[in-house]
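Here is a quick tour of the model you are about to load, written as notes to read alongside it. Have the viewer open and follow along.

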Protein chains: 2
Amino acid sequence: MKPIICTIDIVLLTLEPGGLKAALLKRDHEPHAGALALPGGYIHELDDPDARSAALRVLDNKTGIRSPYLEQLATFSGAARDPRGWSISIAYYALVSAEIIRQSSAAGIALTSVDALPALPFDHRTIIETAVARLRSKSQYSSLPCHLAGAQFTLPQLQRIYELLMGEPLNKVSFRRKISEMDILEPIEGGFETQGAHRPAQLYRLKQEFREELKLLERGL
Amino acid sequence: MKPIICTIDIVLLTLEPGGLKAALLKRDHEPHAGALALPGGYIHELDDPDARSAALRVLDNKTGIRSPYLEQLATFSGAARDPRGWSISIAYYALVSAEIIRQSSAAGIALTSVDALPALPFDHRTIIETAVARLRSKSQYSSLPCHLAGAQFTLPQLQRIYELLMGEPLNKVSFRRKISEMDILEPIEGGFETQGAHRPAQLYRLKQEFREELKLLERGL
DNA sequence: TGAATAGTGTCTGTAAGACAATATTCC
DNA sequence: GGAATATTGTCTTACAGACACTATTCA
């Protein structure tokens, strides 16, 4: 009997002025060669100690991105999703700042608005939609959105990110209270960002211990 | 090259007076034949349209349980977890009432307290701990615990379930306010349960539309 | 000085928790 | 009636959101 096809797919998300984007790449091989699709690939039994390592390898190979926030999303499987046969895709999602994408080595990254996805091969649309739903859901009560913000950022910038993900304006005082009680940020000494004729904003960075782990809030927002 | 081993494991959870229990079965085959382990099995490419169907088939075959609340947990993988080779286990968790377990056809179900797990083969301890953490986490802000409560139950019973999962006493008035605003229960006309010399409690059941889907709360508890 | 946004203090309304009163059963 | 638990009403407290005031920059 044909063995089950075991693959990894990565939903690489970033935030641009226009909104949330997913990275798509032109497929090199059949099936669907030439079509835009999620970065993905086979699990290499000899190189990959586990699926997470495979995900990091695939992401690095396809985009040159090395240490993103990366989390397992879900596993998509079945006889119907791939014409080659019964297949498993262990899907991960990665969050990076727009800056990281710009610096990435891959020339062919197509950043596509997640609200206007083109037709995609396999069940990649479902996978992206699942990732976006997960991100939006976790934005309600965790530090997850910080990973879209880059190495340093101001509180107003961070609030705009949360607002974009949650789809509603947030109260400034409440937002700052929450972020403050999460205790995930540290101010950058003497770091300020001026964006025009007004008071400059303090720059912050994620505390080391929250670069990989999330902080969850008891009560959301 | 040897193909990747593709399996399903089920964390079947139920609530007994002593606390939260996971169902373990004696393994029929090597490796670890005779040891207690999670119900699991290979994906059958010919019989199973997808992993969820495989999970339902495995659970039914091993325990006779047919339509539990079932949700994908995570996928565990790697070269090291199974002596036979590089393996994938797509893990699901199922929640059923103690009554369902009692009625199940399988004779050999060992209900083991999740707080005192024995040594287990593979990474089954990790899988169970992940499932329990997921259940406890989702108990904070969803209708998930209702699936441990059986076909009909009183509000005091449901509150005790939530309290057991969350590990803290809950305010009665708040709990009822929350459950009421979730709007997931319907009273059973004329259904009351008396448990002694006191006022009997109204019996409720989950509304049909929440038997498979969860209801999430904006603000937890 | 005025415009613009950052950051903070304070008030108010809402919602969660404490307390307690009432309801219903069995003995 | 008394004990026990269910159910509901109400008060208090804590927290989220509204509002507004101060801070700092550039033109």
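Helices and strands here are DSSP runs numbered from the N terminus, with at least four residues (H or I) for a helix and at least two (E) for a strand. With that in hand, P31(A) is easy to place: it sits in the loop between β2 (19-26) and β3 (36-37) of chain A. Keep in mind that the whole thing is a predicted model.

**Backbone oddities**

Start with that loop. The peptide bond joining E30(A) and P31(A) is cis, with omega at about -5°. Chain B has a cis bond too, between E30(B) and P31(B), again with omega at about -5°. P31(B) lies in the loop between β2 (19-26) and β3 (36-37) of chain B.

Another spot to click on is F122(A), whose phi is near 50°, a positive value in a residue other than glycine. You'll find F122(A) in the loop between β7 (110-113) and α3 of chain A. Why flag these spots at all? Because most residues other than glycine have a negative phi, and most peptide bonds are trans.

**Chain A as a whole**

Zooming out, chain A has five helices and 10 strands. Its radius of gyration is 19 Å, close to the 17 Å that the globule rule gives for 221 residues, so chain A is as compact as a globular protein of that length. If you'd like a bounding box, the C-alpha atoms of chain A fill roughly 65 × 35 × 30 Å along the principal axes.

**Helix packing**

Three helix pairs are worth a look, and their geometry goes into a small table.

| Helix pair | Axis distance | Crossing angle |
|---|---|---|
| α3 (124-139) and α4 (155-166), chain A | within 9 Å | roughly 125° |
| α4 and α5 (172-182), chain A | 11 Å | about 100° |
| α4 (155-166) and α5 (172-182), chain B | within 11 Å | roughly 100° |

Take α3(A) and α4(A), whose axes cross at roughly 125°. That angle makes α3(A) oblique to α4(A). The crossing of the two is left-handed. On the α3(A) side the contact uses L135(A), R136(A) and S139(A), and on the α4(A) side Y162(A), L165(A) and M166(A). Sorted by class, that contact holds four nonpolar residues, one polar and one charged.

Now for α4(A) and α5(A), which pack at about 100°. Angles of 65 to 115 degrees count as roughly perpendicular, and α4(A) and α5(A) are therefore roughly perpendicular to each other. Here L155(A), L158(A), Q159(A) and Y162(A) of α4(A) meet K172(A), F175(A), R176(A) and I179(A) of α5(A). The split for this contact is five nonpolar, one polar and two charged. Notice that Y162(A) turns up here and also in the contact with α3(A).

What about chain B? There, α4(B) and α5(B) are likewise roughly perpendicular, as their axes cross at roughly 100°. From α4(B) come L155(B), Q159(B) and Y162(B), which meet K172(B), F175(B), R176(B) and I179(B) in α5(B). The classes for this contact come to four nonpolar, one polar and two charged.

**Where the chains meet**

How many residues of chain B are in contact with chain A? There are 21, and they touch 21 residues of chain A. Within chain B, β5 (69-78) and β6 (87-95) each supply at least two residues of the side that touches chain A. The strand that gives the most is β5(B), with five residues. By class, that side of chain B has 12 nonpolar, five polar and four charged residues.

How do the two copies relate? Chain B can be laid on chain A with an RMSD of 0.0 Å by a turn of 180° and a shift of 0.0 Å along the axis. That is the relation of a two-fold axis. The same surface serves both copies, with 100% of the contact residues of chain B recurring in chain A.

Technical notes:
Residues numbered from 1 in each chain as written. Chains lettered and ligands numbered in written order. Predicted model: local features only at pLDDT ≥ 70, side-chain atom pairs only at ≥ 80, totals over all residues. Axes fitted to C-alpha atoms, helices over the stretch in contact; angles between N-to-C directions. Parallel < 35°, antiparallel > 145°, perpendicular 65-115°, else oblique. Left-handed = near helix turned anticlockwise from the far one by under 90°. Contact = placed C-beta atoms within 7 Å. Nonpolar A, V, L, I, M, F, W, Y, C, P; charged D, E, K, R; others polar. Least-squares fit on C-alpha atoms with pLDDT ≥ 70 in both. Rg over C-alpha atoms; globule rule 2.2 N^0.38 Å.
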